[in-house]
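Biologist: I am new to this structure and would like to learn how to read its features one at a time. Could we start with charged side chains and go on from there?

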Amino acid sequence: MQIIWTEFAKKNIAENLDYLERAWGKNSAIDFLDRIDAYLLAIRKIPETYLTIGFGDQIYKFIANSHVSLYDQIGEDAIFLLTFWNNSWNPEKLQEYLKP
């Protein structure tokens, strides 16, 4: 299954990795990426074991760390990474970004 990144997700992950590396060191950023990689491998195999949310069809939420959640949507042949949402951001704006 193909992984497709939205522009917003690309921007979000870059910002989050930069912050993690500056605040907590390179190993923290690597751990974050390892968690994302493990999640993507697992959701490809058995997506129904993960938390879906009420913003639309097949949108999943993965808590990457205590500050960031990954929202993605499963299509027939692809996983769309929608956003790496900072949990301190305004939750009302989240719905705007939950579209591939």
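Modeller: Let us begin with one pair, keeping in mind that this is a predicted model: the side chains of Lys-11 and Glu-15 meet in a salt bridge, with 3.7 Å from N to O. Both residues belong to helix H1, where they are 4 residues apart, or about one turn of the helix.

Biologist: Why does a spacing of three or four places matter in a helix?

Modeller: An α-helix has 3.6 residues a turn, so residues three or four places apart point the same way. In this model, Asp-18 and Arg-22 are separated by about one helical turn because they are 4 residues apart in helix H1, and they too form a salt bridge, with their closest N and O atoms 3.0 Å apart.

Biologist: How many salt bridges does the structure hold?

Modeller: There are 3 salt bridges. Besides the two pairs already described, Glu-7 forms one with Lys-10, at 3.2 Å between the closest N and O atoms, and these two residues lie 3 residues apart in helix H1, which covers residues 7–24.

Biologist: How should I read the accessibility of these charged residues?

Modeller: The relative accessible area is sorted into classes, with buried meaning under 20% and exposed meaning over 50%. Glu-7 has 59% relative accessibility and therefore counts as exposed, whereas its partner Lys-10, at 40%, counts as partly exposed. Lys-11 at 48% is partly exposed, as is Glu-15 at 37%. In the remaining pair, Asp-18 is partly exposed with 41%, while Arg-22 reaches 60% and so counts as exposed.

Biologist: Which residues of H1 are buried?

Modeller: They are Ala-9, Asn-12, Ile-13, Asn-16, Leu-17 and Leu-20. Looking down the axis of H1, one finds these buried residues within an arc of 130°, so they line one face of the helix. Glu-7 and Arg-22, by contrast, are exposed on the other side of H1.

Biologist: What do the buried residues of H1 pack against?

Modeller: Their packing partners are E1, H2, strand E3 (68–74) and strand E4 (78–86).

Biologist: And how can I judge the length of the helix itself?

Modeller: One compares its span with an expected value. H1 has 18 residues and reaches 26 Å from its first C-alpha to its last, which is close to the 26 Å expected at 1.5 Å a residue. Just after H1 comes Gly-25, which takes a positive phi of about 100°.

Biologist: Where is Thr-6 found, and is it buried or exposed?

Modeller: Thr-6 is found in the loop between strand E1 (2–5) and H1. With a relative accessible area of 16%, Thr-6 is buried, and its side chain reaches the backbone oxygen of Leu-82 at 2.9 Å.

Biologist: Could we look at a residue from another loop in the same way?

Modeller: Asn-65 is a useful case, found in the loop between E2 and E3. A polar atom of its side chain lies 2.8 Å from the backbone nitrogen of His-67, and the backbone nitrogen of Val-68 likewise lies 2.8 Å from a polar atom of the Asn-65 side chain. If neighbours within four places in sequence are left aside, Asn-65 is in contact with Leu-20, Phe-32 and Asn-87.

Biologist: How do I read the aromatic rings?

Modeller: For each pair one looks at the distance between ring centres and the angle between ring planes, and planes under 30 degrees apart count as stacked, over 60 as edge-to-face. By this rule the count comes to 4 aromatic pairs. One of them is Tyr-39 with Phe-62, a stacked pair at 4.2 Å centre to centre with 15° between the planes. Since Tyr-39 lies in helix H2 (residues 26–45) and Phe-62 in strand E2 (residues 59–63), this pair ties together parts that are 23 residues apart in sequence. Both Tyr-39 and Phe-62 are buried.

Biologist: What would the edge-to-face arrangement look like here?

Modeller: Trp-85 and Trp-89 form such a pair, 4.8 Å centre to centre and with 90° between the planes. Trp-85, at 5% relative accessibility, counts as buried, whereas Trp-89, with 30%, is partly exposed. Finally, aromatic residues can also be read as groups: Trp-5, Phe-32 and Phe-84 form one aromatic cluster.

Conventions:
Residues numbered from 1 in each chain as written. Predicted model: local features only at pLDDT ≥ 70, side-chain atom pairs only at ≥ 80, totals over all residues. Heavy atoms only, no water. Phe/Tyr/Trp six-rings, centres within 6.5 Å; stacked < 30°, edge-to-face > 60°. Buried < 20%, exposed > 50% of the residue type's maximum accessible area, 1.4 Å probe, protein only. Salt bridge = Lys/Arg side-chain N within 4 Å of Asp/Glu carboxyl O. Polar contact = N/O pair within 3.5 Å; in protein donor to acceptor, adjacent residues only side chain to side chain. Expected span 1.5 Å × (residues − 1). Arc of directions from axis to C-beta. Contact = heavy atoms within 4.5 Å.
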